[in-house]
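Good morning, colleagues. I should like to take a few minutes to walk through one structure, and I ask you to keep the display in view as I speak.

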Amino acid sequence: MWVLSCYTAAYPAYTLRPSILKPAVPSSCRVSLQLHHHHDHPFVPEVAKAVDSLYSEFRAVDNLVAHNTSRVLKAFQGARVGSHHFAGCTGYGHDEAGGREALDQAFAEIFGAESAIVRSQFFSGTHAITCALFAFLRPGDELLAVAGAPYDTLEEVIGKRDSHGLGSLKDFGVTYREVPLAEDGGLDWDALAGALRPNTKCALIQRSCGYSWRQSLSVNEIGRAIKMIKMQNPKCLVMVDNCYGEFVESIEPPMVGADLIAGSLIKNPGGTIAPCGGYVAGRREWVEAAAARLSAPGLGIDCGSTPGYIMRSFFQGLFLSPQMVGEAVKGSYLVAEVMAAKGYKVQPLPRVPRHDTVQAVQLGSREHLLAFCEAVQRSSPVGSFTKPVAGTTAGYASEVIFADGTFIDGSTSELSCDGPLREPFAVFCQGGTHWTQWGLVLGEVLKSI
């Protein structure tokens, strides 16, 4: 018991009164042990100082985790999730034990949607978003991006970048426009108020910053944008790219009027253990239309085999998601606090509320960006002996460097970072199964840049 009285907390914690906890050894020994413990502190001084200053922010995140865990638990109970739902299926996937239905039901309730489709057959978030966009849009329609340029991997889907005739929206006669961001990096509300045209069929809202140096959007801001869009044309459909935003707040976009949302299970809602997959959720008719794009018209959602181990990890990952997202958010606070103190520009700013799990840091040079990613890779549990190399990656316009020593390939819900090799040479940090991972990584980063 006495050892607890020697412990110097990584961040402030409640301590027992001295009258209750009495040392069992002489005071001279206590001093010696305390000095030894201080010498063995796991964090470098800059990180330890930042951690101690973030107690209020960390406590608020814990409250958020409790709230979101409660609604996940309620949805699991409502769907009567049982171990038989983890059985999986083979072949056409018709003869399964109700796991797909229970997972879809729980997911829809958690996200405030009428319906959801959660499937291993979605390759990525980009794939799920693409299925949603093709569900909405037909030749002659217009797609309007209301939060500036979308993420790089959607450029070929839209036709903003040449898809070489492989079937972009542009190839099918869908036109595209963007509403540029305001000078402060947020939505340009004045421009949005008159942005729709008669043929604007779908408005795309990207919740996260992507590779842009801009603010990520809160769900309340998304709700305000949806109201402005529907006031101009009630029939215009709203699609929200929800990647990196799930469980960062206590509400989700369908709760404020989004017709569809889509994202990846190797990001937030997979809880760091889902090995693949994605989801689409929202209004029932449009979820079914997106399912027809994933499969084929007439097949819908009642087919597709999924091995049992994947079904179990989908359920378990979804249950773990609020906790894992909470740790990632704490990590983002810590990265912002430490890097801003070193004079680097960060987005979001230190200690401001988070709306996704991404923390961007402007490093100012190619060399610093490479060094940052190399330090993250050296501090990873998988592939720490490898050196990340910038190069061309499918779907990206620029050279990109990735540091992701993760158990699931490409899992950005695990600790990772990446960035395009272009001005302003920003690194985008995300994920982490516990905030202390970032505390350790930052020590390595500070030695490298």
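In which helix is the place of Lys-447? Lys-447 belongs to helix H13, which covers residues 435-448. Please bear in mind that this is a predicted model. Is Lys-447 buried or exposed? Lys-447 is exposed, because its relative accessible area is 65%, and the cut-off for exposed is over 50%. Between the C-alpha atoms of Lys-447 and Ile-310 there are 40 Å, and along the chain the two residues are 137 residues apart.

Let me turn to the protein chain as a whole. Its secondary structure consists of 13 helices and 12 strands. The radius of gyration is 23 Å, close to the 22 Å given by the globule rule for 449 residues, so the protein chain is as compact as a globular protein of that length. The C-alpha trace spans about 80 × 50 × 45 Å along its principal axes.

Of the 449 residues, 54% are buried. Among contacts with a separation of 6 or more, 70% are between residues 24 or more positions apart. As for the surface, the protein chain exposes about 19,800 Å², and carbon and sulfur atoms supply 56% of that area. The protein chain carries 38 positive and 44 negative charges, and the mean positions of these two sets are 4 Å apart.

I come now to the interior. The largest nonpolar core has 89 residues, and those with the most contacts inside it include Ile-205, Leu-334 and Phe-372. Helix H11, residues 308-341, provides the largest share of this core, namely 13 residues. Apart from this core lies another, of 40 residues, among them Trp-286 and Tyr-396.

Let us look at Ile-205 in detail. Beyond residues up to four places away in sequence, Ile-205 touches ten residues' worth of surroundings that include Val-146, Leu-217, Ile-229, Val-240 and Asp-241. Helix H11 also holds Glu-337. Is Glu-337 buried or exposed? Glu-337 is buried, because its relative accessible area is 15%, and buried means under 20%. Leaving aside neighbours within four places in sequence, Glu-337 is in contact with Ala-50, Ser-53, Leu-54, Pro-350 and Arg-351. The C-alpha atoms of Glu-337 and Ala-296 are separated by 48 Å, with the two residues 41 residues apart along the chain.

To close, I return to the two charged residues: Lys-447 is exposed, whereas Glu-337 is buried. Thank you for your attention.

How values were computed
Residues are numbered from 1 along each chain as its sequence is written. This is a predicted model: local features need pLDDT of at least 70, side-chain atom pairs count only at pLDDT 80 or more; totals for chains, interfaces and linings use all residues. Side-chain values use heavy atoms; hydrogens and water are left out. Helices (H or I, at least four residues) and strands (E, at least two) are DSSP runs, numbered from the N terminus. The radius of gyration is taken over C-alpha atoms; the globule rule is 2.2 Å times the number of residues to the power 0.38. Buried means under 20% relative accessible area, exposed over 50%, partly exposed in between (1.4 Å probe, protein chains only). Contact means heavy atoms within 4.5 Å. Accessible areas come from the Shrake-Rupley method with a 1.4 Å probe; for residues, only the protein chains shown count as cover. Lys and Arg count as positive and Asp and Glu as negative; His and the chain ends are not counted. The place of a charge is taken as NZ of Lys, CZ of Arg, CG of Asp or CD of Glu. A nonpolar core is a set of buried Ala, Val, Leu, Ile, Met, Phe, Trp, Tyr and Cys residues joined through side-chain atoms within 4.5 Å.
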